[in-house]
Amino acid sequence: MARKRSTDETPEALTRLAHLYLYDEPEAPGLDVDYLGRYLAAVLPTCEAHPRTDFLTHHLARFSEEQRETLGEQLLGQFQRARVDNLAPPGLRKNLPAEDPTEAGWDEVYDGPSLQAVLHLLIPPEESHLSELHLSLTSLRLGLWPAADQSFRLSPALFGEPNLLSLTSLLEGPEVSREYEFMRAQMAMFGLEEGLEAVEDRFAPRMLAEGDPRLNEVVKGLLLQAVFYRLFGEAFCPGPACRLHNATTQEELLEAQTGPGAGLCERHREWLWAVEGAPERA
Ligand SMILES: [Zn+2]
């Protein structure tokens with residue numbers, strides 16, 4: 001593919017990427033890291049993409065059985081400490097009642113940055129460079145406090161080392177339409193099972209569900225956001241038809257990531273060309 005000359009607007013990349021490590025979440029139905037690895041290699045032809053098993057299994061494999069046992073116990077404790085039991089803003093807790101995550105419908109939820117710090121320690125030094133990007137897909141429900149005076153919220157993408165990409169937060173984070181919520185509540189209130197199914201069917205094209213065949217398409221956007229964050233320090237795009245769009249609703253998410261024309265906007269295609277990339281919508 002011919003490289004276009006980048007415009008003055010294109011920022012200089014902060015690093016060159018050499019290797020992309022893509023970690024599987026075996027529990028996510030339909031997720032295909034081999035397919036996604038080929039996608040990344042096609043979009044970033046100068047990088048090597050390495051699909052791997054899940055993050056913990058991969059990185060614990062280099063230790064002896066005995067070491068794994070000790071590490072496993074330590075990790076379990078650290079995971080428990082990263083679990084969120086009060087969603088209230090950390091800076092205002094003295095004056096506010098505790099917010100139990102189960103009231104938000106979350107039986108288990110983790111503070112993304114805390115978990116990231118724990119998992120970071122498992123990356124061997126030879127793979128811990130700016131040119132090495134670790135992309136860990138996970139079913140754990142992840143989120144963060146955007147600021148000390150704000151409540152906890154779900155976040156599908158936590159950029160850093162490793163990048164944590166939560167498929168559960170991807171399903172539950174972006175809002176579903178109010179019309180759907182209303183109709184579903186009506187049907188449930190009257191115990192209309194068939195009506196409930198009809199509502200689900202009607203809204204299915206506009207919502208991402210567990211086992212959804214569009215999952216891999218949607219994950220492409222998360223992967224590119226992590227790539228752009230590392231390369232340019234910018235992950236998101238206001239353009240609704242760009243894979244970097246940070247969707248707040250399910251409809252926006254599907255609009256940006258699925259459909260025959262899904263790809264980057266013109267501005268971000270320029271950026272990718274500038275690092276010898278090959279955007280899918282050339
Ligand atoms: Zn864009």
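## Helix 8 against helix 9

Helix 8 and helix 9 (residues 250-257) pack with their axes 9 Å apart, at an angle of about 85°. Angles from 65 to 115 degrees count as roughly perpendicular, so helix 8 and helix 9 are roughly perpendicular to each other. Helix 8 brings Glu 217, Val 218, Lys 220 and Gly 221 to the contact. Helix 9 brings Leu 253, Ala 256 and Gln 257. By class, the residues of this contact are three nonpolar, two polar and two charged. This is a predicted model.

Helix 8 (residues 215-232) also meets strands. Helix 8 lies across strand 4, strand 7 and strand 8 (163-166). Its direction makes about 150° with strand 4.

## Overall architecture

The protein chain holds 10 helices and eight strands. Its radius of gyration is 20 Å, close to the 19 Å that the globule rule gives for 282 residues, so the chain is as compact as a globular protein of that length. Along the principal axes, the C-alpha trace spans about 60 × 50 × 40 Å.

## The five-strand sheet

One open sheet has five strands in the order 2-1-4-8-7, and its pairing is mixed. Strand 2 and strand 7 (157-158) are the edge strands. Each of them pairs on one side only.

Strand 1 (residues 19-23) runs parallel to strand 2 (residues 48-52), and five bridges join them. Between these two strands the chain passes through helix 1 (residues 33-43). This β-α-β crossover is right-handed. Strand 1 also pairs with strand 4 (residues 132-138), again in the parallel sense, over five bridges.

Which residues are the bridge partners of Leu 22 in strand 2 and in strand 4? In strand 2 the partner is Pro 51. In strand 4 the partner is Leu 135.

## The three-strand sheet

A further open sheet has three strands, ordered 3-5-6, with mixed pairing. Why is one side of strand 3 and of strand 6 left without a neighbour in the sheet? Strand 3 (110-111) and strand 6 (153-154) stand at the edges, and each has a single partner strand, so one side of each stays unpaired there.

Strand 3 pairs with strand 5 (residues 142-144) in the parallel sense. Two bridges make up that pairing. Tyr 110 stands opposite Leu 142 in strand 5.

## Backbone exceptions

Most residues other than glycine have a negative phi, and most peptide bonds are trans. Two places in this chain deserve a look on that basis.

The peptide bond from Glu 161 to Pro 162 is cis, with omega near 0°. Pro 162 sits in the loop between strand 7 and strand 8. Strand 7 is an edge strand of the five-strand sheet, and strand 8 comes beside strand 7 in the order 2-1-4-8-7.

Glu 276 has a phi near 60°, which is positive although the residue is not glycine. Glu 276 lies in the segment after helix 10 (266-274).

Technical notes. Residues numbered from 1 in each chain as written. Predicted model: local features only at pLDDT ≥ 70, side-chain atom pairs only at ≥ 80, totals over all residues. Pairing = 2+ DSSP bridges. Helix = DSSP H or I, 4+ residues; strand = E, 2+ residues; numbered from the N terminus. Right-handed = clockwise from strand over helix to strand, strands pointing away. Contact = placed C-beta atoms within 7 Å. Axes fitted to C-alpha atoms, helices over the stretch in contact; angles between N-to-C directions. Parallel < 35°, antiparallel > 145°, perpendicular 65-115°, else oblique. Nonpolar A, V, L, I, M, F, W, Y, C, P; charged D, E, K, R; others polar. Rg over C-alpha atoms; globule rule 2.2 N^0.38 Å.
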